[in-house]
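Me: Can you walk me through this model? I'd like the sheet, the helices on it and the pockets.
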Amino acid sequence: MRYPLNHPLGRFGIETDDDDPDLATASIPIAGLVNPLTGLPTVAPLAMLVDHVAGAANHVRRSAQEWTVSSELSLEVAPGAAEAIAAAPDHPVLGVARPVGPKGTTALALCDLSVGGVLIATATVRSFYIPAPQTFTTWPDDDADEPDVTPVGPRLADRMAVEVGEAGGAAAVLVQRDDPAVYNGVGAVHGGVSSMGLELVGSAALNSGAGPEFVTGSLRVNFFRPMHGGAGAHYSAVPTRVGRRSAATDVVAVGSDGRTALAGRLTAYR
């Protein structure tokens, strides 16, 4: 299943396979995308795929009166993942997710990510079950003549509707614009987009100095409330610890209301 370009999944080329009812399966092209803050190749889109495919594994277990929202996302990236992605530029990353344990007020799903048959990461998503919203966001038809449809640029920043913000020292900031094309069904920034924002600023903060590149090893995200783009909405990171071989940074996403919507930690290695 493909999605229109004015849909958050369509902007990143995500395709969903509905053939296996016991597994949630989807793919995302990632080769060639770079961090807008550093210009370096990025694994941030893995978080977008994880939020979608593992979230879907939890979502299909809901009752007719329930909906799901992400509560936690954890991504563990294998050494050599970036090299495997670069070596298979014509292959999208494939995510396969399955539920873990019984469904309660929350649910947990485990996801494996691979490219060209090589396992490059594993991840989990925990979801809350909430009462189903009365209304959902709708997207206009994906038609070049439709005035509400904005063409998608080739850069990751274009697809995410983000801009590099001003920061001091080793801090890194991305500004989240108000763009309905990156909003989910309840009118907030898609959890995969906001998780990507955290990875991008975290990686940039750890690579602001001299020396070999710090490569993302893990990203852990807590979702506290819906994030809305616009004036004041941003992602930021300041290094917590930078050593010779490993480093860590706390990352936050702040919505247009000035409140922290997501928080997490990124750990990287060189």
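Reply: Terms to begin with: strands are DSSP runs (E, at least two residues), helices likewise (H or I, at least four), numbered from the N terminus. Two strands pair if DSSP finds at least two bridges between them. This is a predicted model: local features need pLDDT of at least 70, side-chain atom pairs count only at pLDDT 80 or more, and totals for chains, interfaces and linings use all residues. Residues are numbered from 1 along each chain as its sequence is written, and side-chain values use heavy atoms, leaving out hydrogens and water.

Me: How many strands form the sheet, and in what order?
Reply: 12 strands form an open sheet, ordered S1-S2-S4-S5-S6-S3-S9-S12-S11-S10-S8-S7. The pairing is antiparallel.

Me: Which are the edge strands?
Reply: S1 (15–17) and S7 (162–164); each pairs on one side only. The twist averages 25° from one strand to the next. Axes here are lines fitted to C-alpha atoms, for helices over the stretch in contact; angles run from 0 to 180 degrees between N-to-C directions.

Me: Over how many bridges do S10 and S11 pair?
Reply: Over 8, with S10 spanning residues 234–242 and S11 246–254. Val 238 stands opposite Asp 250 in S11.

Me: Which strands does H5 touch?
Reply: H5 (residues 191–206) touches S3, S8, S9, S10, S11 and S12. Contact means heavy atoms within 4.5 Å. The direction of H5 makes about 40° with that of S10.

Me: And where does H2 lie?
Reply: H2 (residues 45–59) lies across S1, S2, S3, S4, S5, S6 and S9, running at about 50° to S6.

Me: Switching to pockets. How much space lies in the second largest one?
Reply: About 470 Å³. Pockets and cavities come from a 1 Å grid over the protein atoms alone: in a cavity a 1.4 Å probe fits but cannot get out, while a pocket is an open set with protein on both sides within 12 Å along at least five of seven lines; lining residues have an atom within 4 Å of a point. Points are joined across faces, edges and corners, and volume is the space filled by probe spheres set on them.

Me: What lines that pocket?
Reply: 25 residues, with Val 43, Ala 81, Ala 82, Glu 83 and Val 215 nearest its centre. H3 (81–87) gives the largest share, 5 residues.

Me: What about the largest cavity: what is its volume?
Reply: About 40 Å³. Its lining includes Asn 35, Glu 199 and Glu 213.

Me: What does the chain's pLDDT average?
Reply: 92, on the predictor's 0 to 100 confidence scale for each residue. Over residues 143–147 it is below 50.
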